[in-house]
Amino acid sequence: MAHHFKIKKNKGGEFVAYFMYNSEPIFWTEGYSSKASAKNAIESIKKNGPGAETVDES
């Protein structure tokens with residue numbers, strides 16, 4: 001499994017969605033109080049991510 005999403009609880013007990021590539025976290029969301037909210041964040045990324053622009057601020 002080269003890439004996937006993973007939901008884990010952080011030290012504060014919140015649910016965090018991680019995008020993993022080759023077992024390494026590439027990015028993660030803020031903490032959510034419910035697992036459903038973390039799942040909604042994943043679905044939003046899947047839906048809105050493909051069309052996202054790249055902004056170069058260098």
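Okay, so before anything else: when I say two strands pair, I mean that DSSP finds at least two bridges between them. Keep that in your head for the sheet. And one caution right away: what you're looking at is a predicted model.

So, the sheet. We've got 3 strands forming an open sheet, the order is β1-β2-β3, and the pairing is antiparallel. β1 and β3 sit at the edges with a single partner strand each, so each of them has one side left without a neighbour in the sheet. If you ignore direction, neighbouring strands here are turned by 40° against each other on average.

Let's take the pairs one at a time. β1, that's residues 3-9, pairs with β2 in the antiparallel sense over 7 bridges. If you want a place to put your finger, I7 stands opposite A17 in β2. Then β2, residues 15-21, pairs with β3, residues 24-28, again antiparallel, over 4 bridges. There, have a look at F19: its bridge partner in β3 is F27.

What happens between β2 and β3? That's a hairpin with 2 residues between the strands, and N22 takes a positive phi near 50° in it.

Back to β1 for a second, because H3 belongs to that strand. Which residues does H3 touch, if you skip its neighbours within four places in sequence? F19, M20 and Y21. As for Y18, that residue is 15 residues from H3 in sequence, and the C-alpha to C-alpha distance is 10 Å.

Okay, now the helix. α1 covers residues 35-48. That's 14 residues, and from first C-alpha to last it reaches 20 Å, close to the 20 Å expected at 1.5 Å a residue. α1 lies across β1, β2 and β3, and runs at about 155° to β1.

Which residues of α1 are buried? They're A38, A41 and I42. Look down the axis of α1 and those buried residues fall within an arc of 100°, so they line one face of the helix. They pack against β1 and β2. Turn to the face pointing away from that buried side, and you'll find the exposed residues N40 and K47.

Now, T29, which is in the loop between β3 and α1. Buried or exposed? Buried, with a relative accessible area of 15%, and the cut-off for buried is under 20%. Leaving out residues up to four places away in sequence, T29 touches V16, A17, A41 and I45. Two of those names you've heard already: A17 is the residue I7 stands opposite, and A41 is one of the buried residues of α1.

Last bit, for the charge people. How many salt bridges turn up in a search of the whole structure? Just 1. That's K46 with E43, side chain to side chain, at 3.8 Å, N to O. Why does this count? The cut-off is within 4 Å, nitrogen to carboxyl oxygen. In general, side chains of opposite charge can pair when their charged atoms come close. And here the two residues, K46 and E43, are 3 residues apart in α1, so about one helical turn separates them. Both are partly exposed: K46 has a relative accessible area of 48%, and E43 comes in at 47%.

Okay, that's my tour. Happy to go back to any part of it.

Key:
Residues numbered from 1 in each chain as written. Predicted model: local features only at pLDDT ≥ 70, side-chain atom pairs only at ≥ 80, totals over all residues. Heavy atoms only, no water. Buried < 20%, exposed > 50% of the residue type's maximum accessible area, 1.4 Å probe, protein only. Contact = heavy atoms within 4.5 Å. Axes fitted to C-alpha atoms, helices over the stretch in contact; angles between N-to-C directions. Expected span 1.5 Å × (residues − 1). Arc of directions from axis to C-beta.
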